[in-house]
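Welcome! Let us take a walk through a protein structure together, one stop at a time.

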Amino acid sequence: MTGEETFEIKLPASDTRVSVQVVRSSRSRRMILRVAANGEITVSVPRFFAGNALEEARLFALRNLDWLDARLAKVAERKRENIAMTLTDYLRQHPEISVGDSVKKIVIGEAPLSSFYVLQEGSDVVPVMLCGENPDDELKYVCREIAQKILPPRVRELAAQHGVSVGKVSVRAQKSRWGSCTASGDISLNYVTIFLPPEIRDHVILHELAHRLHMNHSGRFWGLLNSWDAQTARHDDALTRTWGKILMHF
């Protein structure tokens, strides 16, 4: 996602420097410091904040260093607890992907010659057959192929609905973000977006499409996104608090 101002601060407990993003928000009535499940730090600033928002956000973060240290420690602990979880483990526990407005079940099996998947219209099941000695690597590759099949058409469908033009739509394995949009209109989505519920996946896509008109997180950006997605606040919160943990695994 694009358009944030950033600054760095030093954490006294670990003697390391971390980057903090400053985001203008039409929903915020005061400054809010957040740490996402992937360790990303943001300070939300009210849309009509008077003064130097970047400097005031930096001072606000410095006043809350103890809380920030404790929060980052918890995130690191969760990462250590989940580090052993592979994509195969995750999908055996949560074998769902979003296709259009529906949810389909992934069934993992063994193939004798080469890996493949079957994504068939009208079927609620997506067989994914693996054959190699590194099933998790194979599964990541196959899931990226599935995402490449699913996500670009959905982006173009939603873009057409809202009268927005887009350039190239790509699918990648990104470590710290769900998607991005360039000034030229190219959109990139994280392949794990297919594991989100349909409404949350669409929220990610609409977020990037809104950047086609506003390459920042200004009040106009959030106003546009809210007009497209009336549940923006709830979806954004769910993405940060509930689904952000997916990014830590893969």
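Our first stop is alanine 70, which counts as partly exposed because its relative accessibility is 41%, a value that falls between the 20% limit for buried and the 50% limit for exposed. You can find alanine 70 in helix α2, which runs over residues 65-82. Now look for asparagine 52: it sits 18 residues from alanine 70 along the chain, yet the C-alpha atoms of the two are separated by 27 Å. Please keep in mind during the whole tour that this is a predicted model.

Let us step back and take in the whole chain. The protein chain is built with 8 helices and 11 strands. Measured out along the principal axes, its C-alpha atoms fill a box of roughly 65 × 45 × 30 Å. How does the radius of gyration of the chain agree with that of a compact globule? For 250 residues, such a globule would have a radius of gyration near 18 Å, and the protein chain, with 20 Å, agrees with this. Of the 250 residues, 46% are buried. If you take the contacts between residues at least 6 apart in sequence, 51% of them join residues at least 24 apart.

The outside deserves a look as well. About 12,900 Å² of the protein chain is exposed, and carbon and sulfur atoms supply 49% of that area. As for charge, there are 33 positive and 30 negative side chains, and the centres of these two sets lie 5 Å apart.

Next, let us visit two strands. Lysine 10 belongs to strand β1, residues 5-11. With a relative accessible area of 44%, lysine 10 is partly exposed. Leaving aside residues up to four places away in sequence, lysine 10 touches Asp15, Thr16, Arg17 and Leu65. Proline 46, in contrast, is 36 residues from lysine 10 along the chain, and their C-alpha atoms are separated by 24 Å.

In strand β2, residues 16-25, you will meet valine 22. Is valine 22 buried or exposed? Its relative accessible area is 7%, so valine 22 is buried, the limit being under 20%. Between valine 22 and phenylalanine 7 there are 8.0 Å from C-alpha to C-alpha, and the two are 15 residues apart in sequence.

From here we can move on to the helices. Tyrosine 141 is part of helix α4, residues 135-161. Tyrosine 141 is exposed, because its relative accessible area is 56% and the limit is over 50%. Alanine 173 is 32 residues from tyrosine 141 in sequence, while in space the two are 9.8 Å apart, C-alpha to C-alpha.

Helix α6 covers residues 219-228, and its buried residues are Gly219, Phe221, Trp222, Leu224, Leu225 and Trp228. What do the buried residues of α6 pack against? Their partners are β2, α5 (198-210) and α7. We have already met β2 as the strand that holds valine 22.

Our last stop is helix α7 itself, at residues 232-241, where Thr232, His235, Asp236, Ala238 and Leu239 are buried. Why do these residues lie on the same side of α7? They cover an arc of only 160° around the axis, and therefore they share one side of the helix.

Key: Residues are numbered from 1 along each chain as its sequence is written. This is a predicted model: local features need pLDDT of at least 70, side-chain atom pairs count only at pLDDT 80 or more; totals for chains, interfaces and linings use all residues. Side-chain values use heavy atoms; hydrogens and water are left out. Buried means under 20% relative accessible area, exposed over 50%, partly exposed in between (1.4 Å probe, protein chains only). Helices (H or I, at least four residues) and strands (E, at least two) are DSSP runs, numbered from the N terminus. The arc is that of the directions from the helix axis to the C-beta atoms. The radius of gyration is taken over C-alpha atoms; the globule rule is 2.2 Å times the number of residues to the power 0.38. Contact means heavy atoms within 4.5 Å. Accessible areas come from the Shrake-Rupley method with a 1.4 Å probe; for residues, only the protein chains shown count as cover. Lys and Arg count as positive and Asp and Glu as negative; His and the chain ends are not counted. The place of a charge is taken as NZ of Lys, CZ of Arg, CG of Asp or CD of Glu.
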